[in-house]
Amino acid sequence: MPVGPARMPLFDHLGELRMRVVRILASLVIAVFVFYLATPIAAQFLLEPVLEFMPHTEDGAAGLVVFGAFDAFALRFFISFWISLIACMPVILWQILAFFLPALKPNERKWFIPTFAAGVALFIVGTVFCYLVILNPAFEWMTDQAGGLAAILPEAKQWINLIIKFEIGFGIAFELPLIIFYLVIFDVIPYKKLRSNWRTVYITLMVISAMVTPDASPVTMLLMFAAMLALYEASLLVARIALGNRIKKQTAEYEAKKAEDEKWEQEWAAEKAAKKKALKA
């Protein structure tokens, strides 16, 4: 990756920023054009896990509907844009990384390429997990709610929009191991504290699962929670194995601080009791 010097005049920094932005926009424009031409194939691929819950045309294609004269064009552009954004995410992250990398110290730079690779890999794993495991039961539960109540008319943009939100939500949620790893490695939150406060963490993960999932389905929320819980425990295990000495040091510091806080609280309680006793006397 080409990295500019750390010290440059302001206008040179702005020129480099413009260059990075132009590269990002150029990659997005090319990707949107390519995916626009392939939108029917991309749409069928996105709908594959939920085809059984929607009507079909005579040729076997998904029976999606649009209501306006120009909705088909807007739908094709919508699909191609979001797929292009996901497909170009490595390029976008790479250009952002290349812009900020000169400001970092040499010992800090070594973490960014592994972080970039791990972040992209985890995002891809999250989207694949959502596609293969989540979409089918989520749409099954949602469409079952119409049983005996109403007929479902699959409006194209609504269904595609929901699927894309699912994919992006799970892709972002699967970045959790990376966040946990850096919280531990940079001593933001000690490993011992994360491990001992597991109840608080579990409740937080459940709240995040409810917020990230784009529908109101308890099935989806529980599946998201189970995935995030497994990722959280796996990330702690990896951190413990990879950073054993650092975690031992963090644990010792955490225990020392805890003992010091307890001692201070005892002294404060004894001092308050002594003052109260003196006032009564």
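## Close-up views of helix packing

**View 1. The exposed residues Arg199, Thr200, Ile203 and Met211 sit on the face of helix α10 that is turned away from its buried side.** This is a predicted model, in which local features need pLDDT of at least 70 and side-chain atom pairs count only at pLDDT 80 or more, while totals for chains, interfaces and linings use all residues. Residues are numbered from 1 along each chain as its sequence is written, and side-chain values use heavy atoms, with hydrogens and water left out. Exposed means over 50% relative accessible area, buried under 20%, and partly exposed in between (1.4 Å probe, protein chains only). Helices are DSSP runs of H or I with at least four residues, numbered from the N terminus.

**View 2. Val201, Leu205 and Ser209 are the buried residues to look for in α10.** Viewed down the helix axis, the buried residues of α10 fall within an arc of 80° (taken from the directions from the axis to the C-beta atoms), so they line one face of the helix. An α-helix has 3.6 residues a turn, so residues three or four places apart point the same way. The 15 residues of α10 (residues 198-212) should span 21 Å at 1.5 Å a residue (1.5 Å times one less than the number of residues), and the end C-alpha atoms are 20 Å apart, which agrees.

**View 3. Met228 belongs to helix α11 (residues 218-242).** Met228 is buried, with a relative accessible area of 3%. Leaving aside residues up to four places away in sequence, Met228 touches Ala173, Leu176, Leu205, Ile208 and Ser209 (contact means heavy atoms within 4.5 Å). Glu175 lies 53 residues from Met228 along the chain, and their C-alpha atoms are separated by 9.5 Å.

**View 4. Helices α4 (residues 89-100) and α6 (residues 112-144) pack at an angle of about 160°, with axes 11 Å apart.** That makes α4 roughly antiparallel to α6 (over 145 degrees; oblique covers angles that are not under 35, over 145 or from 65 to 115). Axes are lines fitted to C-alpha atoms over the stretch in contact, and angles run from 0 to 180 degrees between N-to-C directions. On the α4 side, Pro90, Leu93, Trp94 and Leu97 meet Phe112, Ile113, Phe116 and Val120 of α6.

**View 5. Helix α3 (residues 71-87) and α4 cross at roughly 50°, their axes coming within 4 Å.** This makes α3 oblique to α4. Leu85, Ile86 and Ala87 of α3 make the contact with Met89, Pro90 and Ile92 of α4. Further buried residues to find in α3 include Leu75, Phe78 and Ile83.

How values were computed:
Helices (H or I, at least four residues) and strands (E, at least two) are DSSP runs, numbered from the N terminus.
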